[in-house]
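Subject: The structure for you to look at

Hello,

Here is the structure I promised to pass on. Please open it next to this email, and my notes on what turned up follow below.

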Amino acid sequence: ELIKLNFELDGTFPAHAADPLDPKNNEPVQEAVKKHGADVGLSLDGDGDRIFFIDEKGEVVPPSMITALVARELLREHPGEKILFDIRYIMTNKKITEESGGVPVVTKVGHAYITEKMNEGGGIFAGESSSHYFFKSTGNAEGPLLVILHVLKAMTEQAKTLSQLVSEVKRSQESGEMNFRVKNGKEIIEKLKELHADGEITELDGVAVNYPDWRFSLRMSNTEPLLRLNVEEEVEGYQGRHEKLIDLIKEHAV
């Protein structure tokens, strides 16, 4: 049974902007899920290539968890395949891919980079933290409808709620992306790299620093004059390390 929200096309967007990355724009779907006792809510952007999932409790599911869930389902039928995901959040997807017999591949942030990587080196599936999802079966193009079908298939065959499936694949706690409008973004990146020289440093896209139980990614936006911070930690022993990083960024910002 499909309960429709804002299905009348209107380019003035009278309800809210068509951007599911803004948490406020998902609130009507969250409320509708709880009101109707729905099994899942779907929130898409204006052109339908990004999709966010809301579980039966009305909670927004982080896109990286959907990537992990779909990757696990695909690898059951296609073991040994590559799964691609961007540098912002990798802990859950890396572990689930490896546990499921797949090969994890980390990419730069952005549609062009992730599809280029798929075209070059293969990969059965790719997921971005911005909720874009790509499939080999669609010619490495975005496939939001396929994501919906894989999620519904897993819920149906395993007789589990979406929140139960997410709890099974969740290996990390994510901060959510934090943006800083600064004039010296590159200098801040260099400073934080210097202050975390004891970690495993990757400069694929900005800088990412990895420790055994936590990591962070700090990079300049590809489209806006913003410095973007993403932090993730193991669920067990979570310490909210993003707060210290925020203080460091503000301390060195101009």
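Asp86 has Thr107 as its bridge partner in S5. That contact belongs to the pairing of S4 with strand S5 (residues 103-107), where the two run parallel and are joined by 5 bridges. Please keep in mind that this is a predicted model.

S4 also pairs with strand S6 (residues 125-127), again in the parallel sense, over 3 bridges. If you look for Phe85, you will find Gly127 of S6 opposite. How many of the residues of S4 are buried? The count is 4 of 5, so the strand is mostly covered. Together with H3 and S5, S4 makes a β-α-β unit, and that unit is right-handed.

Now to the charged side chains. In general, side chains of opposite charge can pair when their charged atoms come close. In this model the count of salt bridges is 24. Three of them are described here.

Arg88 and Glu177 form a salt bridge through their side chains, at 3.8 Å from N to O. The two residues are 89 apart along the chain: Arg88 is in the loop between strand S4 (82-86) and helix H3 (91-99), and Glu177 is in the loop between strand S9 (172-174) and strand S10 (178-180). Is each partner buried or exposed? Arg88 has a relative accessible area of 8%, so this residue counts as buried, being under 20%. Glu177 is partly exposed because its relative accessibility is 32%, which lies between the 20% and 50% cut-offs. Both residues also belong to a network of salt bridges that links Asp86, Arg88, Glu128, Glu177, Glu224 and Arg228. Asp86, where these notes began, is thus one of the residues in this network.

Glu99 and Arg171 meet in a salt bridge at 2.9 Å, N to O. This pair also links distant parts of the chain, with Glu99 in helix H3 and Arg171 in the loop between helix H6 (162-169) and S9, 72 residues apart. Glu99 has 51% relative accessibility and therefore counts as exposed, since the cut-off is over 50%. Arg171, at 23%, counts as partly exposed.

The third pair is Glu232 with Arg215, whose side chains form a salt bridge at 2.9 Å, N to O. Glu232 lies in strand S14 (residues 227-234) and Arg215 in strand S13 (residues 214-220), 17 residues apart. Both Glu232 and Arg215 are buried.

Finally, the pockets. The largest pocket holds about 1200 Å³ of space. Its lining is made up of 41 residues, and Leu5, Phe7, Leu42, Ser43 and Leu44 lie nearest its centre. Helix H1 (23-36), strand S1 (41-44) and helix H5 (144-158) are the elements that give two or more residues to this lining. H1 supplies the largest share, 7 residues. By type, the lining of the largest pocket has 23 nonpolar, 11 polar and 7 charged residues.

The second largest pocket has about 570 Å³ of space. Of the 22 residues that line this pocket, Leu21, Phe52, Ser129, Gly176 and Glu177 lie nearest its centre. You will recognise Glu177 from the salt bridge with Arg88. H1, strand S3 (60-61) and helix H2 (63-77) each give two or more residues to the lining of the second largest pocket, and the largest share, 3 residues, comes from H1. This lining divides into 9 nonpolar, 8 polar and 5 charged residues.

Best wishes

Technical notes. Residues numbered from 1 in each chain as written. Predicted model: local features only at pLDDT ≥ 70, side-chain atom pairs only at ≥ 80, totals over all residues. Heavy atoms only, no water. Salt bridge = Lys/Arg side-chain N within 4 Å of Asp/Glu carboxyl O. Buried < 20%, exposed > 50% of the residue type's maximum accessible area, 1.4 Å probe, protein only. Pairing = 2+ DSSP bridges. Right-handed = clockwise from strand over helix to strand, strands pointing away. 1 Å grid on protein atoms, 1.4 Å probe; cavity = no way out; pocket = protein on both sides within 12 Å on 5 of 7 lines; lining within 4 Å. Points joined across faces, edges and corners; volume = space filled by probe spheres on them. Nonpolar A, V, L, I, M, F, W, Y, C, P; charged D, E, K, R; others polar.
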